[in-house]
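Morning, everyone. I'd like to walk you through one model today. Have a look at it first, and then we'll go through it piece by piece.

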Amino acid sequence: MEIKFKVRISQFVCLLGSVLLLLEAARQISLGLTVTALLLAVGGTMLLVVSLAHELFALSWFRTLVMLSVALIMSALILLAPEQHLMWLWGFPVLLLYPRPRWLAPACAAIGLVTTWYALRPLGSDWLSLGIGITATLMALGAIGGRRQQHVWHQLERRGRRDPNRAIWSQYQLMRDLPREIARADREGIHIELILLAPVMPGRLVRRRLMNTLDSAAMAHETRYILNGGCLAVLLVTRAERMASLRRRQLIEHLAMQVRARIQPLNNGDIHALDLTNLGLNLAQENELITLLPPLSSRADSQDIASHREVDD
């Protein structure tokens with residue numbers, strides 16, 4: 001449930017790339033090329049970190065650091081030994097395909113073009129013109145593709161992960177997760193409920209602090225969401241209702257701040273009967289610290305009502 005996007009293939013590719021770069025670094029050391037070996041080792045280590053902690057690549061600063069470092073490493077390798085590493089020129093257009101800050105695209109393009117010019121200048125003006133033309137064309141295509149990818153990336157972040165620095169998902173993602181999780185809970189005979197949380201004290205900093213503490217307090221399988229009204233939600237799945245009550249109390253105590261909570265049981269409930277807008281409305285002004293809401297109408301009842309309406313019509 002906590003994995004929203006399939007990243008195993010991407011992790012495997014990064015791991016494979018890191019192994020190849022580290023092996024090449026070892027070979028360069030055996031040939032006495034220490035500077036080249038150091039650059040390859042740094043690049044391989046960065047790919048290894050990305051493969052082992054792939055979630056870091058969702059952080060904009062980490063993604064920017066990796067992409068800029070890769071561009072500089074490729075440039076240094078080409079300039080140090082163009083006869084061995086000229087093939088790395090294709091890497092600059094590929095970098096432009098990844099989601100990135102706006103300033104990073106012209107920076108990578110400038111590094112790539114300058115590197116191409118210095119690397120091909122000894123071959124003569126004809127090869128230099130051809131190389132610059134091919135590299136510039138590939139970079140333009142990469143920038144066009146990257147712009148499309150950027151739009152898709154932003155759409156996915158808005159729909160999925162609301163906060164790129166935390167594992168907190170959107171209301172859109174919650175409505176996609178609920179039918180699957182309710183069906184799984186009913187099938188396995190376990191308890192499932194939705195906990196809505198809001199700080200008593202108003203203010204952006206207080207909400208940010210609640211985000212931080214909730215992200216650290218919740219377990220890996222307890223998916224966190226932020227609703228459109230600003231309330232935070234936790235999807236709690238336990239073996240029994242008594243265990244849910246105990247875990248709920250532990251979670252709220254770990255927050256170490258005054259919050260209001262509404263508990264919505266979800267077992268055998270009709271997802272269409274769940275109104276998240278009204279559920280989170282005026283939660284901070286609730287009289288009780290914890291309000292246990294009645295169960296949702298069952299799917300069978302909803303189907304009976306719908307069938308009666310069809311008969312009446």
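Start at L274. Leaving out residues up to four places away in sequence, L274 touches L178, Q264, L266, L279 and L296. Keep in mind that this is a predicted model. L274 belongs to the largest nonpolar core, which has 24 residues. Together with L194 and L266, L274 is among those with the most contacts inside that core.

Which elements supply at least two residues each to this core? Two helices do, α8 at 171–188 and α11 at 276–279. So do two strands, β3 at 191–199 and β5 at 232–238.

There is another core, apart from that one. This one has 20 residues. M211, I226, I252 and V259 are among them.

Now to strand β3, and to L197, which lies in it. Is L197 buried or exposed? L197 has a relative accessible area of 1%, so it counts as buried. Its contact list, again without residues up to four places away in sequence, runs as follows: L210, L214, C231, L232, V234, I252, L255, V259, R260, A261 and L283. Look also at A233. A233 sits 36 residues from L197 along the chain, yet their C-alpha atoms are separated by 6.0 Å.

Two of those contacts of L197, L210 and L214, bring us to helix α9. Helix α9 covers residues 204–217. Its buried residues are L210, M211, T213, L214 and A217. Here is a quick check on the helix length. With 14 residues at 1.5 Å a residue, α9 should span 20 Å. The end C-alpha atoms are 20 Å apart, so the two agree.

One more stop in this part of the sequence. Where is N268 found? N268 is in the loop between β6, residues 259–265, and α11. Its relative accessible area is 41%, so N268 counts as partly exposed. N268 and I182 are 86 residues apart along the chain, and their C-alpha atoms are separated by 6.9 Å.

Next, a helix pair. Helix α3 is residues 60–80, and helix α6 is residues 104–120. The two pack at an angle of about 5°, with their axes 9 Å apart. Angles under 35 degrees count as roughly parallel, and therefore α3 is roughly parallel to α6.

Who meets whom? From α3 we have T64, M67, L68, A71, L72, S75, I78 and L79. From α6 come L104, C108, I111, T115, Y118 and A119. How many charged residues are in the contact of α3 with α6? There are no charged residues there, against 11 nonpolar and 3 polar.

Take T64 from that list; its place is in helix α3. T64 has a relative accessible area of 11%, so it is buried. Apart from residues up to four places away in sequence, T64 touches P101, W103 and L104.

On to H85, in helix α4, residues 82–85. H85 counts as buried, at 5% relative accessibility. What does H85 touch, not counting residues up to four places away in sequence? T36, L77 and I78. M74 is 11 residues away from H85 along the chain, with 8.3 Å between the C-alpha atoms of the two.

T36 takes us to helix α2, residues 34–52, where T36 is one of the buried residues. The others in that set are A37, L39, L40, G43, G44, M46, V50 and S51. Same length check here. The 19 residues of α2, at 1.5 Å a residue, should span 27 Å. The end C-alpha atoms are 26 Å apart, which agrees.

G44 also leads to S18, in helix α1, residues 8–30. S18 touches G44, L47 and L48, not counting residues up to four places away in sequence. S18 is buried, with a relative accessible area of 1%.

Last, the whole protein. There are 12 helices and 7 strands. Of the 313 residues, 42% count as buried. Take the contacts with a separation of 6 or more: residues 24 or more positions apart account for 69% of them.

That's the tour. Over to you.

Methods
Residues are numbered from 1 along each chain as its sequence is written. This is a predicted model: local features need pLDDT of at least 70, side-chain atom pairs count only at pLDDT 80 or more; totals for chains, interfaces and linings use all residues. Side-chain values use heavy atoms; hydrogens and water are left out. A nonpolar core is a set of buried Ala, Val, Leu, Ile, Met, Phe, Trp, Tyr and Cys residues joined through side-chain atoms within 4.5 Å. Buried means under 20% relative accessible area, exposed over 50%, partly exposed in between (1.4 Å probe, protein chains only). Helices (H or I, at least four residues) and strands (E, at least two) are DSSP runs, numbered from the N terminus. Contact means heavy atoms within 4.5 Å. Axes are lines fitted to C-alpha atoms, for helices over the stretch in contact, and angles run from 0 to 180 degrees between N-to-C directions. Angles under 35 degrees count as roughly parallel, over 145 as roughly antiparallel, 65 to 115 as roughly perpendicular and the rest as oblique. Ala, Val, Leu, Ile, Met, Phe, Trp, Tyr, Cys and Pro count as nonpolar, Asp, Glu, Lys and Arg as charged, and the others, Gly among them, as polar. The expected span of a helix is 1.5 Å times one less than its number of residues.
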